[in-house]
Amino acid sequence: DAGGLEGVSAKWQTIVNSHPYLRILTPFVRTPVNLMLFFGQRFLPAAGYFPLGNKLHKRFAEDMASKDPQLRAEATGRFATGAVMFGTAAYMVMNGNITGGGPTDPEQRKTMELAGWQPYSIRIGETYYSYKRFDPFSTFLGIVADGVETYNIADERNRETLDAAVGASVLAVSRNIQNKSYLSGMVRIFQALSQPEKYGQRTMESLIASFVPYGAFMSQTRSKTDDPYYREVRSIVEAIKNRTYAAEELAPKRNVLGEPIKRQGALGPDFLSPMSYTTVSDDVIYNELKNLGHGFTAPSIMKNNLDLTTYTNNKGQSAHDRYSELHGEVRLGGKTLRDRLTALIQSNRYQSLAGTSTDEYDSPRIALIRRLIGKYRRAAY
């Protein structure tokens with residue numbers, strides 16, 4: 001409830017004040033608590049059957065039964081605005097006009113992003129505008145969007161059960177907490193402690209890079225004209241470089257076709273704008289990969305038990321980056337991978353195959369695309 005959350009935040013605030021180094025993990029304490037209360041007071045009171053909402057539901061009932069007209073009016077107002085916001089947001093999510101975090105599979109999410117899709121965004125026309133920095137409303141929209149998306153992908157036999165709804169709501173709250181910038185430090189530490197092999201190195205890189213003076217400013221103000229691409233970070237030194245104007249020395253991140261991935265656009269100056277945006281792509285290949293809902297991966301850094309990132313040519317380019325670059329450039333029969341994929345997708349044979357997958361079987365289109373990509377990667381290697 002409000003008192004409980006505020007009590008916990010007050011105690012943690014006292015601890016952080018006594019041990020300033022903890023601000024690396026939680027630079028803000030009151031902010032996330034207030035945001036969760038904003039959401040809870042407008043949604044959970046009407047859902048007392050949710051475990052997370054029991055106490056807030058009780059508080060709502062007490063306020064509605066109060067003799068104080070101001071308390072009754074405030075409770076009614078919160079409930080009414082919450083109902084309107086929830087209904088509107090849920091409707092827009094189901095129509096594809098508001099997005100949540102997307103698939104839990106990171107490779108599938110990357111494939112969707114190739115076609116212009118963007119997580120935690122509002123779609124207006126052919127453009128996705130991020131709402132991640134517009135709290136407290138972004139928390140509300142994000143939780144609703146993640147809840148609806150999670151419920152939609154649940155097993156159809158369980159969709160009508162209360163357990164499915166509760167599970168979707170808990171997962172939605174969890175995903176939104178993890179995606180808040182002011183909680184990112186704490187989330188990374190917990191991930192590193194729970195899965196050190198997977199998150200330990202990444203957490204250490206991020207933590208050390210955060211000490212770079214004016215690092216956030218430099219990373220935000222790098223001109224998209226001078227450095228339009230996202231960069232690979234695989235070591236502490238590279239993490240530090242990525243926070244400075246030396247980031248251009250790092251290899252660009254590449255997609256499944258070996259093409260460098262461009263940074264998102266922003267409304268106004270990058271370092272001032274709270275809103276990033278992406279435009280829906282008309283690329284035949286990107287849209288087909290997105291529609292297939294399969295996580296196609298970029299070339300692995302390991303090949304024949306060799307770490308290709310540890311070998312470089314006389315230009316300083318790693319073997320892995322050159323391998324990734326070549327598999328999009330090499331020609332077989334005079335045609336590149338992009339040429340062949342476009343022809344395959346537009347062919348009658350391909351179009352006659354089922355484009356959707358089931359829990360038991362992948363779409364046969366996926367096998368054809370993977371086979372063609374594999375052929376070009378072998379030639380590139």
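These legends walk through several close-up views of a predicted model.

**Figure 1. The whole protein chain, before we zoom in.** The chain runs to 381 residues, and 38% of them count as buried. It holds 16 helices and six strands. Take the contacts between residues at least 6 apart in sequence: 60% of these join residues at least 24 apart. The chain exposes about 21600 Å², with carbon and sulfur atoms supplying 56% of that area.

**Figure 2. Helix H12 meets helix H14.** Two packed helices are described by the angle between their axes and the distance between the axes. Here, H12 covers residues 284-292 and H14 covers residues 337-346. Their axes lie 9 Å apart, and the packing angle is about 60°. That angle falls outside the 65 to 115 degrees that count as roughly perpendicular, so H12 and H14 are oblique to each other. H12 passes H14 in a left-handed crossing. On the H12 side, look for Val284, Ile285, Tyr286 and Glu288. On the H14 side, the contact is made by Arg338, Leu341, Thr342, Ile345 and Gln346. Sorted by class, the residues of this H12 and H14 contact come out as five nonpolar, two polar and two charged.

**Figure 3. H12 again, now with helix H16.** H16 spans residues 364-380, and its axis is 10 Å from that of H12. The two pack at an angle of about 135°, and they are therefore oblique to each other. The crossing of H12 and H16 is left-handed. Glu288, Leu289 and Leu292 of H12 make the contact with Arg365, Ile366 and Ile369 of H16. In this contact of H12 with H16 there are four nonpolar residues, no polar ones and two charged ones. Glu288 may look familiar: it belongs to the H12 side of the contact with H14 and to the H12 side of the contact with H16.

**Figure 4. Helix H5 against H12.** How do the axes of H5 and H12 cross, and how far apart do they come? The crossing angle is roughly 145°, and the axes come within 8 Å. The crossing of H5 and H12 is left-handed. From H5, the residues to find are Thr111, Met112 and Leu114. They meet Tyr286, Leu289 and Lys290 in H12. Counted by class, the H5 and H12 contact has four nonpolar residues, one polar and one charged. Two of the H12 residues turn up in other views as well: Tyr286 takes part in the contact with H14, and Leu289 in the contact with H16.

**Figure 5. A closer look at Thr111.** Thr111 sits in helix H5, which covers residues 106-114. Is Thr111 buried or exposed? With a relative accessible area of 3%, Thr111 is buried. Set aside its neighbours within four places in sequence, and Thr111 is in contact with Tyr286, Leu289, Lys290, His294, Gly295 and Phe296. Among them, Tyr286, Leu289 and Lys290 are in H12.

**Figure 6. Glu205, a buried residue in helix H9.** H9 runs over residues 196-209, and Glu205 is one of its residues. The relative accessibility of Glu205 is 6%, so this residue counts as buried. What does Glu205 touch, not counting residues up to four places away in sequence? Its partners are Val233, Arg234, Ser235, Ile236 and Ala239. Pick out Val233 from that list: Glu205 and Val233 are 28 residues apart in sequence, and their C-alpha atoms are 8.6 Å apart in space.

**Figure 7. Ala75 in helix H4.** Ala75 belongs to H4, a helix made of residues 69-94. At 1% relative accessibility, Ala75 counts as buried. Glu62 is 13 residues away along the chain, and the C-alpha atoms of Ala75 and Glu62 are separated by 9.4 Å.

**Figure 8. Asn304 and Asn305 in a loop.** This view shows the loop between strand E5 (302-303) and strand E6 (306-307), where you will find Asn304. Asn305 is in the loop between E5 and E6 too. Asn304 is not a glycine, yet its phi is positive, at about 50°. Asn305 also has a positive phi in a residue other than glycine, with a value near 65°. Are these residues buried or exposed? Asn304 has 58% relative accessibility and so counts as exposed. Asn305, with a relative accessible area of 76%, is exposed as well.

How values were computed. Residues are numbered from 1 along each chain as its sequence is written. This is a predicted model: local features need pLDDT of at least 70, side-chain atom pairs count only at pLDDT 80 or more; totals for chains, interfaces and linings use all residues. Side-chain values use heavy atoms; hydrogens and water are left out. Helices (H or I, at least four residues) and strands (E, at least two) are DSSP runs, numbered from the N terminus. Buried means under 20% relative accessible area, exposed over 50%, partly exposed in between (1.4 Å probe, protein chains only). Contact means heavy atoms within 4.5 Å. Accessible areas come from the Shrake-Rupley method with a 1.4 Å probe; for residues, only the protein chains shown count as cover. Axes are lines fitted to C-alpha atoms, for helices over the stretch in contact, and angles run from 0 to 180 degrees between N-to-C directions. Angles under 35 degrees count as roughly parallel, over 145 as roughly antiparallel, 65 to 115 as roughly perpendicular and the rest as oblique. A crossing is left-handed if the near helix is turned anticlockwise from the far one by less than a right angle, and right-handed if clockwise. Ala, Val, Leu, Ile, Met, Phe, Trp, Tyr, Cys and Pro count as nonpolar, Asp, Glu, Lys and Arg as charged, and the others, Gly among them, as polar.
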